[in-house]
Amino acid sequence: MALPTLLSALRAFYGCNRVRASARKRLIGNCLAVFFFAFTTSAIGQPVIQPGAPGEPSTTLTAEQAIAVANTSYTHSDVRFMQDMLPHHQQALVMAELAPARTHSPDILEIAGR
């Protein structure tokens with residue numbers, strides 16, 4: 001999806017300040033399902049690397065181990081985190097659009113262009 005299309009979709013989604021909680025839950029559930037589907041399908045024929053804790057080495061998981069990790073449910077805290085990240089990322093997109101008119105810093109313009 002091109003960035004302008006993504007921006008339009010986000011604006012349409014957030015244009016209404018009263019998005020129903022059930023719609024948000026469905027969106028978050030769908031996002032989590034896509035993530036877990038992508039995670040489990042990557043285990044087929046490909047090694048899955050699980051990052052270690054800071055300073056610890058990574059671990060290579062078997063397909064069965066990767067599926068066991070992916071077959072987890074989500075908690076209320078996961079839902080709340082996703083709800084908070086959506087407007088956070090929307091704000092980042094808005095700031096990226098404003099950058100060319102507000103700065104001449106090459107570093108900022110490079111980041112905003114991503």
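This tour goes along helix 4 of a predicted model and ends at a salt bridge elsewhere in the numbering.

**Helix 4 as a whole**

Select residues 76–102, which make up helix 4. The helix has 27 residues, and its first and last C-alpha atoms are 39 Å apart. That span is close to the 39 Å expected at 1.5 Å a residue. Next, centre the view on alanine 96, where helix 4 has a kink of about 25 degrees. The proline at position 100 follows shortly after the kink.

**Buried positions**

Colour Val79, Gln83 and Ala99, which are buried in helix 4. For these residues, buried means that the relative accessible area is under 20%.

**Aspartate 78 and leucine 86, with isoleucine 28**

Select aspartate 78, also in helix 4. Its relative accessibility is 31%, so aspartate 78 counts as partly exposed. Now add isoleucine 28 and draw a C-alpha to C-alpha distance: aspartate 78 and isoleucine 28 are 9.0 Å apart in space and 50 residues apart in sequence.

Keep isoleucine 28 on screen and move to leucine 86, which is found in helix 4. Leucine 86 counts as partly exposed because its relative accessibility is 25%. Between leucine 86 and isoleucine 28 the C-alpha separation is 9.6 Å, with the two positions 58 residues apart along the chain.

**The salt bridge in helix 4**

How many salt bridges does the model have? The count comes to 2.

For one of them, show the side chains of arginine 80 and aspartate 84, which form a salt bridge with their closest N and O atoms 2.9 Å apart. Arginine 80 and aspartate 84 are 4 residues apart in helix 4, so about one helical turn separates them. An α-helix has 3.6 residues a turn, so residues three or four places apart point the same way.

Both partners can then be checked for exposure. Arginine 80 counts as partly exposed because its relative accessibility is 44%. For aspartate 84 the value is 38%, so this residue also counts as partly exposed.

**The salt bridge at glutamate 110**

Finish with glutamate 110 and arginine 114. The two form a salt bridge, and their closest N and O atoms are 3.5 Å apart. Are these partners buried or exposed? Glutamate 110 has a relative accessible area of 48% and is therefore partly exposed. Arginine 114, at 69% relative accessibility, counts as exposed, because the cut-off for exposed is over 50%.

Conventions: Residues numbered from 1 in each chain as written. Predicted model: local features only at pLDDT ≥ 70, side-chain atom pairs only at ≥ 80, totals over all residues. Heavy atoms only, no water. Helix = DSSP H or I, 4+ residues; strand = E, 2+ residues; numbered from the N terminus. Expected span 1.5 Å × (residues − 1). Bend = angle between axes of the 7 residues up to and from the residue. Buried < 20%, exposed > 50% of the residue type's maximum accessible area, 1.4 Å probe, protein only. Salt bridge = Lys/Arg side-chain N within 4 Å of Asp/Glu carboxyl O.
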